[in-house]
Amino acid sequence: MSAFEGKIIKVHPGDNVAIVVEAGGLVEGQALGDGLVAAGRIPQGHKLALRNIDIDAPIVRYGEVIGNAVVAIGRGEHVDETRVRLPQAPALDDLPLATRPAPDVEPLEGFTFEGYRNPDGSVGTKNVLGITTSVQCVAGTVDYVVERIKRELLPRYPNVDDVVGLNHTYGCGVAINAPAAIVPIRTLKNIALNPNFGNQVMVIGLGCEKLQPSTLVDDRPVRIYENTEAADPDANVLSLQDDSFHGFGEMVEGIMAMAERHLERLNRRRRETCPASDLVVGMQCGGSDAFSGVTANPAVGFATDLIVRAGGSVMFSEVTEVRDAIHLLTPRAIDEQVGRALIEQMAWYDDYLSQGQADRSANPSPGNKKGGLSNVVEKALGSIIKSGSSPIVDVIGPGERLRRKGLTFAATPASDFICGTLQLAAGMNLQVFTTGRGTPYGLSMVPVLKVSSNSTLGRRWHDLIDLDAGRIATGDASIEAVGWELFRLILDVASGRRQAAADRLGIHNDLALFNPAPVT
Ligand code: CA
C-alpha cells in the first residue's frame with residue numbers, strides 16, 4: 001500500500017487508480033507528487049486515475065480488474081461509477097479448486113477469555129434467556145411478557161444478562177413443505193442452540209400454526225406447560241390456545257412461571273477461563289465505502305487470521321459480495337470438495353436472483369456509490385479481505401450450524417439483518433461489523449463490535465463505533481496494529497470486561513429470517 005503525501009492511497013503496485021484519503025476531498029489543480037494533479041474536484045473515498053486509461057481499457061484496483069473504462073480517462077481525473085463498465089462475473093465452471101497451499105503460520109497460544117461453558121462444549125459470551133416463537137401471531141404477547149420479565153423477574157437473577165424475545169415473521173401462511181422452507185425452519189431451530197442461551201430457550205406457540213412449537217426444541221425433550229396445579233416444572237413449550245388458559249392474564253402468568261424456572265438455571269451459570277479457540281466470530285460489513293476494503297476489512301482479515309491461528313472459528317458470509325471475487329476464494333479451499341461447495345452456494349444464489357429477475361448490479365447501494373464504490377466487483381474485492389488469508393475449511397448453507405473450527409464460508413444474503421440472523425443460527429458468540437457510511441446495527445443475543453473504515457465516521461459517531469480503523473488510511477496505525485487491537489477487544493468483550501457500544505446504548509435490531517420458499 002502506498003500513500004501520496006497522505007492525500008490518496010494506492011493498494012496494489014499494479015493499480016491504475018487510487019483512493020482519495022483527504023477528508024474534504026481533492027480540489028482542482030491540487031498537486032499530489034510525481035507530477036500527478038487532480039483534474040477536478042474528487043470527493044473523499046472516490047477514485048482518481050494514476051495514469052491515462054484508454055476507452056475500454058481495464059481499471060485496476062487491488063491488482064484486479066474492477067471494470068473497463070466507458071470513456072478515455074486522463075491522468076488525475078475522477079473515475080466515478082458512470083465511467084466504469086461492470087465486467088462479467090467469473091464463470092463458475094472452470095475455477096481453480098484448492099490450488100493455493102495454506103500459509104505457513106505459527107499457532108497462537110496463551111490467549112483466553114472468560115466465557116460461559118455449556119454442557120455441549122460450546123461457550124457463551126453472554127447469559128441470556130431466549131424466548132422463541134413458532135409463529136408471528138404470538139409476537140405481541142412475547143414482547144409484552146419480555147417487558148414484564150425484565151421488570152419483575154430479572155432483578156432477582158443477577159447473573160442473567162438479559163431476556164430476549166426471538167420474534168420473527170414465519171410459522172404460518174407459508175409453504176412449509178416446500179424444499180426451500182428448510183432454510184427458515186433450520187434457522188429458527190439453530191438459533192435456539194446459540195451458545196449464549198445456555199440450552200434454556202423456551203418456545204411460545206399459538207396452537208394452530210403450521211410450524212409446530214415442538215419442532216423448535218428437537219434437541220431436548222418437549223415438555224408442554226399446562227395451567228394446572230401439577231404444571232411441569234421443566235416445561236419448555238407453551239401454546240396460547242391451550243384449553244387450560246382462561247384469558248390473557250393466565251397466559252402471561254404461565255409464561256412468567258415457566259421463565260422463572262429457566263432464569264433459576266441460567267443464574268447458576270458462571271464465567272470460566274476458556275481458550276481463544278472457543279471463539280466463534282461472525283464477520284460482516286454494512287454501509288461500506290471505498291475505505292472499507294483498505295482499512296477496516298483488512299484489519300478484520302488480520303484478526304480473522306489471529307483467531308484461526310488460536311484455533312478458533314470465524315465465518316464470513318454475504319454471497320452477493322463474494323460472488324464477483326469467487327475466483328480468489330476457490331483456490332483457498334482446503335480441498336476440492338470444499339471448493340465445489342463454495343461454487344454450489346454461488347450457483348444457488350445466481351439462480352435465486354434470476355428467479356426474481358434481479359441481478360448482482362442491485363448491489364452496491366446508492367450510499368456505497370456515494371462513498372466511492374463503483375460497482376459490485378470493487379465492493380467484493382474489498383469485502384472478501386475480511387476472510388484474511390487462512391484456508392477455507394468448510395462451507396455451510398443458510399441457517400446451518402458450524403461444523404469445523406477454522407475459517408468457514410457461511411452462505412447468507414448480504415442484508416445486514418439476515419446475515420446476522422443466519423450467523424446467529426450458525427452459532428456465533430460474537431460479531432464484528434465494519435462500516436464506512438455508518439449504521440447503528442446491533443443484536444441483543446450476542447455482542448456486535450462495530451469498526452469504522454474512516455476516521456471522519458469514527459469521530460462523528462464516537463459513541464456508536466467500537467474501533468476506528470480509519471487511522472490506517474491516514475498512516476497513523478498499521479493494518480497489523482489495528483488487527484491486534486481488534487483481537488484483544490474481541491477477547492475483552494467476549495469476557496464481559498468491556499461492553500460493545502450497541503449493548504451500552506441498548507440498540508438492538510430485530511431478527512430477519514431468510515425465507516426463499518413461497519409465502520401462501
Ligand atoms: Ca451486510
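Before I start, one term: when I say that two parts pack against each other or meet, I am speaking of contact, which means heavy atoms within 4.5 Å. Please also keep in mind throughout that this is a predicted model.

Let me begin with helix 2, which covers residues 182–191 and is mostly covered, since eight of its ten residues are buried. Those buried residues are Val183, Pro184, Ile185, Arg186, Thr187, Leu188, Asn190 and Ile191, and what they pack against is strand 12 together with helix 9, residues 416–426. If you look at the two helices, their axes come within 7 Å and cross at roughly 60 degrees, and that makes helix 2 oblique to helix 9. The crossing of these two helices is left-handed. As for the residues involved, Thr187, Asn190 and Ile191 on the helix 2 side meet Thr421, Leu422, Leu424 and Ala425 on the helix 9 side.

Strand 12 takes us to the sheet. Here we have an open sheet of four strands, paired in parallel and arranged in the order 12-11-13-14. Strand 12, residues 162–166, and strand 14, residues 237–239, are the edge strands, each of them pairing on one side only. On average, and with direction ignored, neighbouring strands of this sheet are turned by 20 degrees against each other. Within the sheet, strand 11, residues 128–133, and strand 13, residues 202–205, pair in the parallel sense over three bridges, and if you would like one bridge to find on the screen, Ile131 has Met202 in strand 13 as its partner. Lying across strand 11, strand 13 and strand 14 is helix 3, residues 248–267, which runs at about 165 degrees to strand 13.

The last stop is the calcium ion, and here we can ask which protein atoms are its donors. They are Gln284 through OE1, Cys285 through O, Glu318 through OE, Ala414 through O and Asp416 through OD, and they lie 2.3 to 2.5 Å from the ion. Along the chain, these donors follow the spacing Q-C-x32-E-x95-A-x1-D. Gln284 belongs to strand 16, residues 280–285, whereas Glu318 sits in the loop between strand 17, residues 313–316, and helix 5, residues 326–329, so this pair ties together parts that are 34 residues apart in sequence. Are these two residues buried or exposed? Gln284 is buried, and Glu318 is buried as well.

Methods: Residues are numbered from 1 along each chain as its sequence is written. This is a predicted model: local features need pLDDT of at least 70, side-chain atom pairs count only at pLDDT 80 or more; totals for chains, interfaces and linings use all residues. Side-chain values use heavy atoms; hydrogens and water are left out. Two strands pair if DSSP finds at least two bridges between them. Axes are lines fitted to C-alpha atoms, for helices over the stretch in contact, and angles run from 0 to 180 degrees between N-to-C directions. Donors are N, O and S atoms within 2.8 Å of the metal (3.2 Å for Na, K and Ca); water is not among the atoms, so sites may look incomplete. Buried means under 20% relative accessible area, exposed over 50%, partly exposed in between (1.4 Å probe, protein chains only). Angles under 35 degrees count as roughly parallel, over 145 as roughly antiparallel, 65 to 115 as roughly perpendicular and the rest as oblique. A crossing is left-handed if the near helix is turned anticlockwise from the far one by less than a right angle, and right-handed if clockwise.
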